[in-house]
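The following questions and answers are meant to be read with the sequence and the coordinates side by side. Please try each question on the structure before reading its answer.

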Amino acid sequence: CAFYNLPLFTSITIPKSVISIGNYAFDNCTNLKKIIFEDDNTPIDLGYNLYNTDYYSKAQGLFFDCTLEEIYIGRDLNYNSEKSYGYSPFNKQTKLTTLTIGDKVTSIANYAFSDCSSLTAITIPESVTSIGNYAFSGCSSLTAITIPESVTSIGDWAFSNCSSLTAITIPKGVTSIGYFVFCDCSSLERVTINCANVGNWVSGMSSIKEIVLGESVRSIEQGAFSGCSSLESLHIGPNVDSYGSEAFAGCTAIKELTVMGNVMPEIPSENITSITLYSPIPLETTEFAAMVYRNAMLNIPKGSLTRYQNADVWKNFWYVNEFNPKEGKDIFLTINHADNGEVGIVVDLGRTYKVRITAFEGWKIHSVTFNGEEVTDKLT
């Protein structure tokens with residue numbers, strides 16, 4: 001309670017010389033809006049954040065009843081979320097709009113920023129390797145978050161109830177991902193996955209319209225995407241070689257399917273309008289044998305037309321188009337005033353990229369479109 005109930009100061013800097021902060025140190029500092037933890041490689045130990053209110057008349061916490069708007073974290077924060085009854089030092093900071101995580105931080109702890117309902121965007125640095133349970137759960141205004149390649153584990157419910165989140169990319173370095181990671185993310189429409197094994201942490205997400213499985217994905221577990229009833233576009237990378245049973249059960253809205261590998265998934269086929277296959281040898285499946293497709297396009301590699309026309313399943317498609325897989329797919333990125341800035345990127349189909357757009361000194365980005373869509377307001 002070192003600074004308990006001192007409403008006069010609005011900001012504070014915790015220098016790297018500090019190695020611990022006691023219980024409820026800034027409790028009820030009602031005007032505290034900004035806190036800075038200076039960069040350091042040594043973690044800082046934080047006291048309990050919340051007593052059980054069944055025994056105490058008022059909940060207490062390290063920053064309880066503060067009105068934090070801006071936080072800079074330059075070092076790892078150690079605290080026991082279990083003894084704090086599932087609360088972190090920054091839990092329920094509903095005024096928090098600016099969160100900056102420095103490159104000395106290696107982990108985002110359990111419940112770290114849960115229920116910070118005014119946060120709109122977060123960038124996690126390359127130094128971070130783990131994201132804890134419920135880390136960003138309940139951040140209902142969060143529309144964008146960047147997960148770096150360095151992250152290897154994502155905990156249970158990590159982004160649950162992030163109801164404004166529209167897109168997420170799971171990097172290839174992730175080897176462990178918990179349950180219900182995106183539960184109740186009601187606006188999540190696009191998921192890009194690059195990790196090797198895909199579990200059922202997206203199943204039941206009725207808002208998802210597009211799923212992209214990158215070149216690092218090797219297997220898809222049982223029921224992985226079951227119940228994604230709004231899924232319209234599914235892109236499967238070149239190295240997926242196994243699908244669990246009912247991996248796409250209930251995905252009845254799929255219209256566009258791309259399979260770059262040699263193993264065909266079982267998907268509901270009633271609404272298919274386009275299938276693109278990269279294998280010159282007709283893929284084995286019984287999924288499309290029950291009906292004739294008069295309004296769907298089958299795209300296949302050049303030189304394989306005869307083989308597909310003679311295959312029992314694929315001959316059911318009236319419209320067949322041959323393409324050269326090596327030519328890839330056109331991607332258009334346009335920037336107004338690009339002569340006063342720079343964009344550097346070379347792309348290959350099936351991979352996911354981060355594009356850095358930099359204006360020269362004295363200039364600013366006016367607008368950016370991607371594939372003809374205005375995306376300026378989505379830039380981080």
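**Pairs, strands and cysteines**

Q: What is the relative accessibility at which arginine 190 counts as partly exposed?
A: Arginine 190 counts as partly exposed, a class that lies between buried (under 20% relative accessible area) and exposed (over 50%), with a 1.4 Å probe and protein chains only. The model is a predicted one, in which local features need pLDDT of at least 70 and side-chain atom pairs count only at pLDDT 80 or more, whereas totals for chains, interfaces and linings use all residues. Residues are numbered from 1 along each chain as its sequence is written, and side-chain values use heavy atoms, with hydrogens and water left out. For arginine 190 the relative accessibility is 34%.

Q: Which residue forms a salt bridge with arginine 190?
A: A salt bridge is counted when a side-chain nitrogen of Lys or Arg lies within 4 Å of a carboxyl oxygen of Asp or Glu, and here the closest N and O atoms are 2.6 Å apart. Arginine 190 lies in strand β15 and its partner in strand β17, so the pair ties together parts that are 20 residues apart in sequence. The partner is partly exposed, with a relative accessible area of 27%. This residue is glutamate 210.

Q: Which residue does lysine 209 meet in a salt bridge?
A: The closest N and O atoms of this pair are 3.9 Å apart, and the partner of lysine 209 is glutamate 189. Lysine 209 lies in the loop between β16 (197-198) and β17 (210-213), while its partner lies in the loop between β14 (176-177) and β15 (190-193), so the contact ties together parts that are 20 residues apart in sequence. Lysine 209 is partly exposed at 38% relative accessibility, and 37% is the value for its partner, glutamate 189.

Q: How many salt bridges does a search of the whole structure find?
A: Among them is the pair of lysine 315 and aspartate 312, whose side chains meet at 3.9 Å, N to O. Lysine 315 counts as partly exposed at 48% relative accessibility, whereas aspartate 312 is exposed, with a relative accessible area of 61%. Over the whole structure, the number of salt bridges found is 7.

Q: What is the order of the strands in the open sheet of 3 strands?
A: Helices (H or I, at least four residues) and strands (E, at least two) are DSSP runs numbered from the N terminus, and two strands pair if DSSP finds at least two bridges between them. The pairing in this open sheet is parallel, and its strand order is β2-β4-β6. The edge strands, each of which pairs on one side only, are β2 (20-21) and β6 (77-78). Strand β4 (residues 44-46) is joined to β2 by 2 bridges, and in the register of this pairing serine 20 stands opposite aspartate 45, within the order β2-β4-β6.

Q: Which side chains of strand β3 point to one face and are buried?
A: Strand β3 (residues 34-37) has side chains that alternate, with Lys34 and Ile36 pointing to the face where they are not buried. It pairs in the parallel sense over 4 bridges with strand β1 (residues 11-14), where serine 11 stands opposite lysine 34. It also pairs in the parallel sense over 4 bridges with strand β5 (residues 70-73), in which isoleucine 71 stands opposite isoleucine 35. The buried side chains on one face of β3 are Ile35 and Phe37.

Q: What is the relative accessible area of leucine 257?
A: Leucine 257 is found in strand β21 (residues 256-259). Not counting residues up to four places away in sequence, its contacts (heavy atoms within 4.5 Å) include Leu234, Ile236, Met264 and Ile267. Leucine 257 is buried, with a relative accessible area of 1%.

Q: How many disulfides does the count come to?
A: A disulfide is taken as a pair of cysteine sulfur atoms within 2.5 Å, but the sulfur of cysteine 162, a residue buried at 0% relative accessibility, is 5.1 Å from the closest cysteine sulfur, in cysteine 185, which is too far for a bond. Cysteine 228 is in no disulfide either, the nearest cysteine sulfur, that of cysteine 251, being 5.1 Å away. Cysteine 228 is also buried, with a relative accessible area of 0%. By this rule the number of disulfides is 0.
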